[in-house]
Amino acid sequence: MKKYLFCLILLISAAAYPQNLDILNYVNPLIGADRMGHTYPGATVPFGMVQLSPDTDTLPYEVNGRYNSDVYKYCAGYQYADSTIVGFSHTHFSGTGHSDLGDILLMPTTGPLQLNPGTADAPEKGYRSRFSHETEKASPGYYAVTLDDHDILAEMTATTRTGVHRYTFNIGGETHIILDMVHGIYNYDGKNVRTFIRVENDTLVTGFRQTSGWARTRTLYFAVAFSRPIESYGFVNEEPAQAYKGFWRRFDQRRNFPEAAGRKIKGHFDFNTSPGEQITLRVALSPVSTAGAVANMIAEAPQTDFDAVRLAAERMWEDELGRVKVKMMNEEQMVSFYTALYHAFLSPTVYMDTDSQYKGLDQNIHTADDFDNYTTFSLWDTYRALHPLFTIVQQARTSDMINSMLAHYDQSVHHMLPVWSHHANENWCMIGYHAVPVIADAIVKGIGGFDYTRATEACVTTAHNGWYDGLDDYMRLGYVPDERTASSVSVTLEYAYDDWCIAQAISKLPEGKQPASPPDPATDTFGEAPGRSGNHPGNNDLYNEFLHRSRNFLNVWDPSTGFMRPRKTDGSFRANFDVLSTHGQGFIEGNAWNYSLYVPHDPAQLISLVGGKKRFIQHLDSLFTMHLPDEFFAETEDITREGIIGNYVHGNEPSHHVPYLYNYAGAPRKTQYWVRHIMDTKYLPAPDGLSGNDDCGQMSAWYIFSALGFYPVAPGSDRYDLGSPLVKEATISLENGRTFTVSAINQGPLNVYVKKVELNGRRLDRLYITHDEIMQGGSLVFYMCR
């Protein structure tokens, strides 16, 4: 088992704290923390299980039985525009458009005890506090802020499984540390199934929280170690009185009683502090047990040494971010690049104890043998660029993540790979079966550490689950009918691409290792896989089946409109159809203009459908330059004006490959122009600098690839399409010990066009490079011009 432990690192003296970690200075975790970015600014380590971050409001998911749209802003628990902090919770998603988590909220206070969080308008009526961005500091592995109402400096750092708080009570006196087990993100009355707190001794508190939200059977265990003895404590249970009270009623459980259980438990731990006194808390998490949480703490943060933990976290970040060293044209671009890389390395997240135990999808305890178990798979987003980025700079973790997906598959009663999974739950968010392109991409690129045949069998079985989201109709009709789902066209297009990926995976398996064919396989074949040639297993039935299925995008193309269009079971196209609207037109989080370009595995056929290269270029030009009025995306909360250029939606994922399609039509200068324009206008080094949800790093991964000068239009192939680099120089340190460098000669803000490209000193006569060319090491040189 590979463990990323802190215990050895923590032996480093805090006196050795470096004065200047150059790469870390270019990371600003507050980027994306305002408006649509939905990132959190708090302390975490690369791919860490703990995300210790401030939450700035308590908006519920529903009001009077109806969805409260304002809660959408708080997917990460934090909004930069807010002026109060409710407390610091230990689990957060980065950049998602739906949410959960916000577990184990702690808040230090002074003065009379208050257990209500109060409101943003009247924070003094509760335990929350006003704060100012002038005292707020956020950097990799560290967060600090002054809580103005209590005059407390709150500092945060983390290990993989433990969050560490340090509170400096500037005034001192009557002091309380609130533990709110009711608090949560996307909270609603009844979300808590059970909460439990146990005071083990005067410095150790343990417990768990079980919730039913986006993940409907989620249990998180914790252990809190205080740096000084608790003087007194108490609990309240805010759930309505139950008819059955049992024999616990004989005790006063509100004060100094060492155990509390119920749906809505809040606790307080009381101290008398001197002015300037510090109290440090270590909070370890576990998916398995409170004993596992304690063991995680002992392994990763055995001592109450905040500065040593912070140093270890920063060194972890320096190592990970140092995998890609760049020189940009200015400091703002350096901040944008390294913050994007930071966001890309936040998820997926480790989900197991230091002894390799974790809770599985079947709710049983498992041991991860020979891999590290991960969760937080936002696959509809991240298969596009984040996971392809990992095949270059995080290959060992890529195999761990795929083994985690295969464990999920083994534990699934549905025999499905993950769709969108977190914390031992499948939440079924979004569409497609996009674990498939992640697996196929790794197979095609030769990533080791997992069983290719077993992985391909899991892909095939997943794609044969007829009960799932119209797949039975898709396999019978060649498309998902409009009557079956409101996103029928998007589902059809994404199934077709995923099926192409399965064909690519099968083509890479050695003779005799192909998965068994289904009882009645499709036998039609269209020859070579789109966009590829050779190296396929001849008449293999499964290969031919999925290659045939990969062309199902043709079945929703309407030549009369020139767009993909919802089609009914009887074969007719839907009568009422608006190509501009993002709501109710057969597409998910997009419109026909954007989604009709989603054929990443066969751009040549797409160009032919549109009418040839000249017409296709005109079509893309119109997409980028026309105006999309607000009314056409008013009902789609994931799309806002900030993320739109013309009618091209960069603030959401389905169109991320589109600027690179000009290459396939013979107009690479237009790819180069629009890629640079997007980087210059949609990624700014400010809290509101992201044009859409960062979506667990996908938005950031697009920027990283594009800044380096190439992008994976179709994961599942070994090809990266060339664009216009933003870097002046870049060095990628590969896990095989080699390095791949990118340089841009005559780089400048106006020099967005590429005159020529050289690979290893030889002029490149194509508009792409291959994965193997990167992994062999060498140099890619762009010669820039106006």
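This report looks at the nonpolar cores, one helix and two cysteines of the structure above. The model is a predicted one.

Let us start with the cores. In soluble globular proteins, nonpolar side chains tend to be buried together. Here the largest nonpolar core has 167 residues, and its largest share, twelve residues, comes from α11. Set apart from it is another core, of 51 residues, including Leu30, Met107, Val145 and Tyr351. Within the largest core, Phe710 is one of the residues with the most contacts, along with Leu321, Phe337, Leu417, Phe740 and Leu780. Leaving aside residues up to four places away in sequence, Phe710 touches Ile392, Phe740, Val742 and Leu780, among others.

Next comes helix α9, residues 452–463. Its twelve residues should span 16 Å at 1.5 Å a residue, and its end C-alpha atoms are 17 Å apart, so the two values agree. At the N-terminal end, Asp451 acts as a cap, with a side-chain oxygen 3.0 Å from the backbone nitrogen of Thr453. Thr453 is also one of the buried residues of α9, as are Ala455, Cys459 and Val460. Which helices do the buried residues of α9 pack against? They pack against α7, α8, α10, α11 and α12.

Finally, the cysteines. The model has zero disulfides. The table shows two cysteines and how they sit.

| Cysteine | Relative accessibility | State |
|---|---|---|
| Cys75 | 0% | buried |
| Cys429 | 18% | buried |

Why is Cys429 not bonded to Cys75? The sulfur of Cys75 is the closest cysteine sulfur to that of Cys429, but it is 10 Å away, which is too far for a bond, because a disulfide needs the sulfur atoms within 2.5 Å.

Definitions and conventions
Residues numbered from 1 in each chain as written. Predicted model: local features only at pLDDT ≥ 70, side-chain atom pairs only at ≥ 80, totals over all residues. Heavy atoms only, no water. Helix = DSSP H or I, 4+ residues; strand = E, 2+ residues; numbered from the N terminus. Expected span 1.5 Å × (residues − 1). Buried < 20%, exposed > 50% of the residue type's maximum accessible area, 1.4 Å probe, protein only. Contact = heavy atoms within 4.5 Å. Polar contact = N/O pair within 3.5 Å; in protein donor to acceptor, adjacent residues only side chain to side chain. Core = buried A, V, L, I, M, F, W, Y, C linked by side-chain atoms within 4.5 Å.
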